[in-house]
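Trainee: I would like to go through the terms used for this model one by one. Ask me for nothing yet; just show it.

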Amino acid sequence: MTSDHAPAFVAKRTGLVRFISTYGQEVVIAGAIIALFVLVSLVSPRFLSANNLNTIISGNAYIAVAAIGMSMIIITGHIDVSVGALIGVLATISGTLATAGYPVWIAWTLPILIGVGINAIVGALVAYGRIPSIVVTLGMLSILRGGLVSITGGAWINDLPPDFHLAQQRLLDIPVPIWFMVVLTLGAFMWMRHTAFGRSLFAIGGNIEAARAAGIPVERRVVQVFMIHGAFAGLATVLFATQLRVIQSTVPPNLELTIITAAVIGGVSILGGTGTVIGSTLAAILFSAIGSAMIFINVSPYWLRAVIGVLILITVLVDIARRVREQRSAKR
Amino acid sequence: MSALLQLSRVSKSFAGIRVLKDVDFDVRPGEVHALMGENGAGKSTLIKIISGVHTPDEGGIIRIGDTQHKALSSRAAARAGIATVYQELLLFPELSVAENVFLGHAPRTRLGTLDWSLMRRQARQLLDSLDSHDLDVDAKVGTLSVANRQRVEIAKALSQNARVLIMDEPTAALADADVRRLMIVVKRLRERGVGIVYVSHKLPEVFEIADRVTVLRDGALIGTHPIAEVTEQSLVAMMVGRDIAQLFPKPVPNIGDVILRVKGLCFGDRVRDISFDLRRGEILGIAGLVGSGRTEMALTIFGITPATAGSIELDGRVISISSPRQARDLGIAYVPEDRGLQGLVRPMSIAQNVSMASLHRVTNGLFMRFAEEIRLAVDAIARLGIRARGPEQVVGQLSGGNQQKVVLGKWLATNPRILIMDEPTRGIDVGAKSEIHALMGKLAQEGMAIVMISSELPEVLGMADRVLVMNGGTSVATIGRAEASPETVGAAMTLATRSLEVAQ
């Protein structure tokens with residue numbers, strides 16, 4: 001209860017301490033990836049071959065790209081459980097366009113625009129219809145998945161033109177998906193950190209009423225972030241649809257959960273307001289690395305989901321423990 | 001007459017700050033013992049020690065009947081017959097009246113299942129004994145009025161054979177007619193031999209109902225007296241301890257032209273036909289009971305709940321405000337009543353909170369200018385005396401007073417011309433409080449027009465140049481600084497409630 005007016009800076013923290021306290025989760029995951037690489041390469045040196053590293057990272061790049069948009073959605077305090085179904089629909093549209101003879105650049109870009117359009121509707125229902133995002137996206141999940149199966153009859157798309165396979169190409173000897181992942185992750189990270197737009201998303205997720213009272217156009221921002229997320233889903237689709245010779249209309253089951261999980265393990269608080277998109281990309285790489293490591297050390301890859309499940313629970317518990325500690329340390 | 005409950009030399013510290021210092025307090029059977037003091041005087045801490053929520057520091061003794069305790073657990077307090085009716089009622093809205101009354105100690109049948117008919121019958125008897133024949137034991141509590149919910153709370157306390165009943169500002173949210181019914185209930189409980197600790201700010205009530213009164217100030221016991229031995233003046237003097245003029249050092253105001261003119265402002269039926277003028281350099285105090293529409297009026301002017309009728313003029317020009325963004329861009333700022341709800345983003349740093357309403361000022365076209373943002377925060381920290389490690393400290397870690405200063409800093413960073421402050425010093429310590437008061441005086445002197453909503457009469461009387469009194473959603477009186485007194489403002493606050501209810 002002293003009343004000195006001078007700002008009392010108790011201690012200046014060093015840059016390193018501040019870096020770790022801000023990016024703790026990212027540092028932990030990067031450490032986990034390195035530890036995994038070191039440990040598994042002791043058992044099986046081939047694990048570290050350039051070929052295997054490329055496979056590990058580029059195979060899951062589409063998950064990392066989709067998780068960027070998902071991280072933004074969760075930071076804003078929302079969730080999207082329909083993104084897996086959306087990627088399935090967009091991939092089918094992309095493949096259909098390609099086999100119908102449209103130029104490949106149309107087959108690549110039109111799904112992105114459609115993703116933006118569909119998510120504009122979702123965002124408008126959430127922001128202006130005041131329906132919780134989990135409800136809207138659950139509905140969208142059923143519509144997209146049901147519609148897709150009904151229209152395609154579950155058929156796969158074959159006979160894709162050879163120049164369609166963007167994800168199989170390399171630039172400067174590095175697979176295109178890795179370029180996508182790195183450039184989009186860093187770009188989104190800078191965007192979230194260095195623009196007023198990004199700041200407003202953190203504010204909305206941290207305390208929507210305070211954000212609104214501060215003059216942030218909350219509804220408009222929510223629609224916009226859903227549209228951006230739709231664009232990332234479209235970009236992820238380009239990587240997903242062009243990496244194999246066929247497009248399965250049944251996308252990897254639980255794809256949306258894998259994407260949400262990457263965001264959460266990457267340090268995006270499921271309660272909104274905190275996190276970065278770098279963490280989610282690292283988490284996507286970690287999943288892929290764990291899956292690959294299991295093959296190398298002869299563990300059934302079916303355990304992958306269980307391992308990821310354990311990681312989710314640990315991450316969420318740590319997040320909640322951290323919040324409780326912060327609330328306790330807040331003196332009355 | 002031996003006491004039901006006796007506290008001797010009880011103290012309590014939070015994080016090294018003593019909020020209660022060597023307090024003696026006792027409750028006798030069949031008495032109403034009023035507990036008074038300003039916000040932050042230690043009343044809540046004291047009643048929480050009695051009800052077992054807080055553990056007192058070493059050294060004090062709590063005597064119940066013949067047994068002595070160093071501290072009470074909430075379970076031990078309940079066993080000893082100590083029950084509390086809190087300000088924020090702790091009931092379950094989806095359960096019925098009878099279920100709420102007997103929650104946790106419902107009568108059982110021989111098979112161990114709930115004995116519903118006995119439960120309903122006993123709930124009926126309890127409510128009848130409280131003169132509440134009109135209250136249906138099967139009604140969902142969520143559908144009841146505040147006054148009825150309070151009766152359910154009292155019945156719940158009695159169902160546990162309460163011998164000491166603590167009532168924490170029971171009339172704060174009640175209309176006049178309900179206050180009178182409550183008085184009857186309290187007198188009835190006293191006749192039954194229940195000892196009642198009655199926490200209230202309202203002098204007329206205390207004089208009507210209390211047998212003794214204890215005053216706390218800054219955590220210390222100022223005195224316990226039979227009600228006949230004190231007067232309103234002596235009670236206020238005991239509570240405030242200083243002259244109001246000394247407590248609120250107010251610079252000579254420098255009042256200019258009318259900047260804001262509100263005419264016939266309405267929002268639904270919660271804000272009804274409010275008109276007032278606000279001048280440059282003026283502090284307009286808004287007084288009124290909880291639920292009188294003060295906050296609702298502020299939210300309407302600030303565009304959170306846009307006006308449904310009436311007009312607002314800024315500098316003589318009619319404007320319409322339909323969002324907080326618009327209000328902000330017009331130079332209006334609102335420091336909310338609940339800083340957790342509408343003020344702060346707790347996981348963010350001081351700098352990020354301070355810049356939140358001025359993001360356009362700290363960006364160059366597209367990108368944030370972090371240096372500019374930090375400069376805003378450093379300015380706020382220096383100007384408001386925010387005690388923090390630095391501009392990058394997370395606001396969730398700050399004390400209440402410093403959090404309030406961050407919210408204030410956020411709005412001052414927008415360079416507002418009109419500042420609306422809703423309960424600017426609620427729940428913060430005495431030191432931070434007087435700093436905020438000093439700052440308000442200075443801002444007004446520099447020409448800012450300030451609207452200050454406060455439930456603390458001394459604050460309103462001490463700070464305001466004029467007092468607008470609200471009641472039932474509308475303005476009932478405007479009182480100049482010279483005429484404003486606890487009597488004139490208090491009378492206007494409680495007056496005319498009945499006629500308004502009839503009108504509804």
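Trainee: What makes strand 14 and strand 15 of chain B a pair?

Mentor: Three bridges join strand 14 of chain B to strand 15 (residues 317-319) of chain B, in the antiparallel sense. Two strands count as paired when DSSP finds at least two bridges between them, so three are enough. A strand here is a DSSP run of E with at least two residues, a helix a run of H or I with at least four, and both are numbered from the N terminus. Leu314(B) stands opposite Arg317(B) in strand 15 of chain B. The hairpin of these strands has two residues between them, and Asp315(B) there takes a positive phi near 55°.

Mentor: This is a predicted model, in which local features need pLDDT of at least 70 and side-chain atom pairs pLDDT 80 or more, while totals for chains, interfaces and linings use all residues. Residues are numbered from 1 along each chain as its sequence is written, chains are lettered from A and ligands numbered from 1 in the order written.

Trainee: How do you know that strand 11 of chain B pairs with strand 14 of chain B?

Mentor: Strand 11 (residues 258-267) of chain B and strand 14 (residues 309-314) of chain B run antiparallel and share five bridges, which meets the pairing minimum. In strand 14 of chain B, Glu313(B) is opposite Arg261(B), and Leu314(B) is opposite Leu260(B).

Trainee: Why is the sheet with strand order 12-11-14-15 of chain B called open?

Mentor: Strand 12 (271-279) and strand 15 of chain B are at its edges with a single partner strand each, so one side of each has no neighbour in the sheet. The twist averages 20° from one strand to the next. Helix 10 of chain B packs on this sheet, touching strand 11, strand 12 and strand 14 of chain B, and its direction makes about 115° with that of strand 11 of chain B. Contact means C-beta atoms, placed from the backbone, within 7 Å; angles run from 0 to 180 degrees between N-to-C directions of lines fitted to C-alpha atoms, for helices over the stretch in contact.

Trainee: Which strands lie at the edges of the six-stranded sheet of chain B?

Mentor: The order is 16-19-20-13-21-22, with mixed pairing. Strand 16 (332-335) and strand 22 (474-480) of chain B each have a single partner strand, so they are the edges. Strand 19 (residues 418-422) and strand 20 (residues 449-453) of chain B pair in the parallel sense over five bridges, and Ile420(B) has Val451(B) as its bridge partner in strand 20 of chain B.

Trainee: Why are helix 12 and helix 13 of chain A called oblique?

Mentor: The axes of helix 12 (residues 255-265) and helix 13 (residues 277-296) of chain A come within 7 Å and cross at roughly 120°. Under 35 degrees is roughly parallel, over 145 roughly antiparallel, 65 to 115 roughly perpendicular, and the rest oblique; the two helices of chain A are therefore oblique to each other. Among the residues that meet are Ala262(A) and Ala263(A) in helix 12 of chain A, and Ala283(A) and Phe287(A) in helix 13 of chain A.

Key. Two residues are in contact if their C-beta atoms, placed from the backbone, lie within 7 Å.
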